[in-house]
Amino acid sequence: MVKVTYCDALIVVDVQKDFLPGGALPVPEGDKVIGPLNRYIELFVSKGQPIFATRDWHPENHISFKENGGLWPKHCVQWSEGACFAKELNLPPDTFIINKGDRPELEAYSGFQGTLLDTLLRERGIKRVFIGGLATDYCVKHTVLGALNLGYVVFFLEDASRGVDVTLGDSERAKEEMLEKGAIALKFEDLK
């Protein structure tokens, strides 16, 4: 069993409308992360521990879009409905919002890339991070690996993450890579 303590933070990755069913770049069963994430959010709120939510916040001309030579259809454009967090996600008012991929020339899968996330965590004495959201094989994986590279103890919330699986098995391979690099897989029932 893992106990949430004063040195912990929850990081919710990219649970935005464009990544949900019906969105511009839907993650299969992406909406299935919302219920589990709400349980984690409720727990962290009850313990008085900080919650961070990353979001793609792309300009219209972002490098990741197919029309600009990237891999993906246009998604999560700044100030658009698709860039909004899922309305069923119960983020508290004091959630730290971390915008990423907000420069046209830079792709940013990790919540740490080009953001203040590391600084904000260190200012609060955070040593362990609990990470889940969308998508396992892209932004969740890179945020987990970024946290590990920065020296955090990282828990991957496997019950609160779903992947794109552009190639069948990508999500499973991403999970294996995260665990090989030192992340700890966790489900809500593993917490106390």
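Phe96 is a good place to start in this predicted model: with a relative accessible area of 23%, Phe96 is partly exposed, because buried residues must fall under 20%. Phe52, by contrast, has a relative accessibility of 0% and so counts as buried.

A search of the whole structure for aromatic pairs returns eight. Phe52 and Phe96 make up one stacked pair, with 4.6 Å from centre to centre and 15 degrees between the planes. Phe52 belongs to strand 2 (residues 51-56) and Phe96 to strand 3 (residues 96-100), so this pair ties together parts that are 44 residues apart in sequence.

Trp72 and Tyr138 also form an aromatic pair, here edge-to-face, with the centres 5.1 Å apart and 90 degrees between the planes. Trp72 sits in the loop between strand 2 and strand 3, while Tyr138 is part of helix 3 (residues 136-149), so the pair ties together parts that are 66 residues apart in sequence. Both Trp72 and Tyr138 are buried. Elsewhere, one aromatic cluster is formed by Phe44, Phe130 and Phe155.

Aromatic rings also meet charged side chains. Arg55 lies over the face of Trp57, 3.8 Å from the ring centre. Asp118, found in helix 2 (residues 117-123), has a side chain joined to that of Tyr152 by a polar contact of 2.6 Å. Leaving aside residues up to four places away in sequence, Asp118 touches Tyr152 together with Phe112 and Leu150.

How values were computed:
Residues are numbered from 1 along each chain as its sequence is written. This is a predicted model: local features need pLDDT of at least 70, side-chain atom pairs count only at pLDDT 80 or more; totals for chains, interfaces and linings use all residues. Side-chain values use heavy atoms; hydrogens and water are left out. Helices (H or I, at least four residues) and strands (E, at least two) are DSSP runs, numbered from the N terminus. A polar contact is a pair of N or O atoms within 3.5 Å; within protein, one must be able to donate a hydrogen and the other to accept it, and residues adjacent in sequence count only if both atoms are side-chain atoms. Contact means heavy atoms within 4.5 Å. Rings of Phe, Tyr and Trp (its six-membered ring) pair if their centres lie within 6.5 Å; planes under 30 degrees apart count as stacked, over 60 as edge-to-face and the rest as tilted. Buried means under 20% relative accessible area, exposed over 50%, partly exposed in between (1.4 Å probe, protein chains only). A charge sits over a ring if NZ of Lys or CZ of Arg is within 6 Å of the ring centre and within 35 degrees of the ring normal.
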